[in-house]
Amino acid sequence: MSLHPVLERVLQRVVERSAPTRGAYLAQVRRLRQRPRGSDRLGCANVAHAVAALPPSDKLRIVAERAPHLAVVTAYNDMLSAHQPYEGYPAQIRAAAARLGATVQVAGGVPAMCDGVTQGTPGMELSLFSRDTIAMGTAIALSHDVFDGALMLGICDKIVPGLLIGALHFGHLPTLFVPAGPMASGLSNSDKAKVRELYAQGKVGRAELLEAENAAYHGAGTCTFYGTANSNQMLLEAMGLHVPGSAFVHPHSGLRQALTDEAVRLLLAGLDKPIGALVDERCILNAMAALLATGGSTNHLIHWVAVARAAGILIDWSDFSELSAVVPLLARVYPNGSADVNQFQAAGGPGFVMRELLDAGLMFDAPAMAAEGLRAHTREPGLDGSNLVWRELPAQPPEPSVVRGVAEPFSASGGLKLLEGNLGRAVIKVSAVPEERHVIEAPARIFASQEAMLAAFKAGELERDVVVVVRFQGPRANGMPELHKLTPPLAVLQGKGFKVALVTDGRMSGASGKVPAAIHVSPEALAGGPLAKLSDGDLVRLDAVAGTLQALVPEVEWATRELAQLDPAAAEDNAHGLGRELFGGMRRNVTAAEQGAITWI
């Protein structure tokens with residue numbers, strides 16, 4: 001099928017906009033690719049340091065036999081359930097490489113924080129900036145500059161974008177991401193959310209809440225809702241940077257072990273495919289289409305702008321919005337439905353969605369690390385005895401309540417929408433919000449922190465139609481923390497029949513729920529954005545149908561309103577304690593959310 005004209009139009013616009021930066025980036029990739037291999041290029045002392053701890057057989061392979069030498073950059077720690085399975089991966093990867101005549105070194109580790117642990121705490125104020133810290137850590141690992149290719153071990157929220165940004169700054173290296181898979185299904189995400197709402201109302205205590213949370217998050221692997229971590233895996237599949245179909249296979253299955261071995265073989269077979277050339281404008285738009293078709297995490301409207309910029313490609317929220325108008329919603333995975341990612345995988349998962357988009361001309365049939373290109377990702381991996389095989393997926397979705405084809409989508413448009421108006425530009429995840437709540441008009445109640453909002457909720461001050469505005473939560477103000485703890489109280493108010501919406505220059509988790517939320521409002525309040533003009537009682541209209549976000553204040557009055565200022569004590573608190581001082585430079589230099597919240601340009 002021919003490409004959809006909107007996809008073609010957006011591609012042309014992105015190519016033209018990016019021509020100078022992309023051209024300069026590719027010139028650098030070509031220059032670095034033309035150098036002699038590492039152990040031939042470096043001085044003898046440099047090479048000796050690089051191989052000093054390796055067994056003699058590996059030294060022989062690297063120096064004398066000139067065998068391929070691979071880097072592993074790992075985000076392993078056992079603080080993150082999703083990353084705990086990585087503990088044994090380096091040994092497995094070394095063994096697989098040895099069988100194929102190659103060598104491997106763990107080039108470095110990068111930090112990996114769990115947003116689930118830090119939600120609602122000062123640690124969450126480091127979360128967004130951890131992405132660029134991880135990118136820098138990746139660059140440090142690869143700076144040894146002796147490698148022919150790289151394997152990235154990372155899954156969760158900021159970790160994958162950080163690893164990918166770092167890898168793209170070494171764009172001359174072929175690079176493959178190695179996932180570890182989701183944990184087994186436990187307490188359903190919807191049942192967990194109900195207990196959280198009951199706790200917010202004081203109807204159950206901490207013991208009951210902890211029991212529910214432990215039943216939901218109970219083992220090794222990625223959390224099973226379709227938040228940022230699992231959206232990362234969907235996007236990497238759509239970019240062709242995984243072993244095909246490897247995103248959502250359980251960590252401790254025999255199939256997972258075979259897929260990890262296959263990652264080594266696939267990278268060695270693709271040493272002529274530098275990641276900087278593979279991640280082109282088509283690849284970035286494919287990731288965007290996959291995100292929209294699955295109702296994925298809003299965080300990627302920030303992260304993938306930064307990822308694209310690392311490859312010299314310039315995208316913005318208008319590009320997302322134009323694609324969202326024509327890319328249908330093909331998946332219902334919590335919080336956009338009741339299924340978890342294990343059920344999504346069983347229903348056809350990324351492969352089914354990608355096949356539908358490719359067949360409808362809504363994705364580019366672009367090159368990938370797999371020899372067959374992106375079409376290889378439309379099949380399902382499995383084991384035939386001990387052999388890894390790929391099978392065609394059924395023509396019809398096996399579970400149409402979870403995954404559907406383009407002919408009968410859940411919605412004709414994607415799961416994310418751009419909002420514009422006199423409050424700035426924002427995004428909303430509409431896939432989880434009932435249609436009758438796509439338009440909310442109510443008086444504003446203004447807060448400068450999530451703690452103040454939670455206190456007002458507990459005091460019964462929000463028992464009415466209300467647009468809750470939480471400002472001074474942008475990248476420059478306090479690192480743009482996720483405000484996921486606001487979801488249960490807002491859901492409680494909505495459940496009581498009130499018209500409720502959230503407007504903020506902060507982020508919500510990829511698990512944001514059924515309450516309409518205009519997030520990432522740009523410019524942020526601290527940077528003089530119009531969100532700082534709002535006052536308690538102002539009528540605010542969030543219209544996800546028309547794509548508008550308006551303060552219904554007379555224009556003359558709005559133009560003369562003074563900007564509210566962040567309380568100096570709050571500003572001081574945002575900058576100090578629990579490591580926040582170390583990120584002061586990032587807060588000062590960070591770009592706006594729509595420009596990717598980048599700290600390195």
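This dialogue discusses how to read a helix pair and two single residues in a predicted model.

Trainee: How is the packing of two helices described?

Mentor: Two packed helices are described by the angle between their axes and by the distance between those axes. In this structure, helix α19 (residues 450-458) and helix α21 (residues 487-495) have axes that come within 10 Å and cross at roughly 35°. The crossing of α19 past α21 is left-handed.

Trainee: Which residues of α19 and α21 meet?

Mentor: From α19, M453, L454 and F457 meet P489, L490, V492 and L493 of α21. By class, this contact has 7 nonpolar residues, with no polar and no charged ones.

Trainee: Turning to a single residue, is E281 buried or exposed, and what is the nearest side chain of opposite charge?

Mentor: E281, which lies in helix α14 (residues 281-294), is buried. The nearest side chain of opposite charge is R22, 4.2 Å away. A salt bridge requires a distance within 4 Å, so E281 has none. Leaving out residues up to four places away in sequence, E281 touches L11, V14, V15, R22 and I313.

Trainee: Where does L271 lie, and why is L271 called partly exposed?

Mentor: L271 lies in the loop between α12 (254-269) and α13 (275-278). L271 is called partly exposed because its relative accessible area is 22%, and the partly exposed class runs between 20% and 50%.

Trainee: Which residues are in contact with L271, apart from its neighbours within four places in sequence?

Mentor: They are R33, P68, L70, D148, G149 and P174. In addition, L271 and A150 are 121 residues apart in sequence, and their C-alpha atoms are 9.7 Å apart in space.

Key
Residues are numbered from 1 along each chain as its sequence is written. This is a predicted model: local features need pLDDT of at least 70, side-chain atom pairs count only at pLDDT 80 or more; totals for chains, interfaces and linings use all residues. Side-chain values use heavy atoms; hydrogens and water are left out. Helices (H or I, at least four residues) and strands (E, at least two) are DSSP runs, numbered from the N terminus. Buried means under 20% relative accessible area, exposed over 50%, partly exposed in between (1.4 Å probe, protein chains only). Contact means heavy atoms within 4.5 Å. Axes are lines fitted to C-alpha atoms, for helices over the stretch in contact, and angles run from 0 to 180 degrees between N-to-C directions. A crossing is left-handed if the near helix is turned anticlockwise from the far one by less than a right angle, and right-handed if clockwise. Ala, Val, Leu, Ile, Met, Phe, Trp, Tyr, Cys and Pro count as nonpolar, Asp, Glu, Lys and Arg as charged, and the others, Gly among them, as polar. Lys and Arg count as positive and Asp and Glu as negative; His and the chain ends are not counted.
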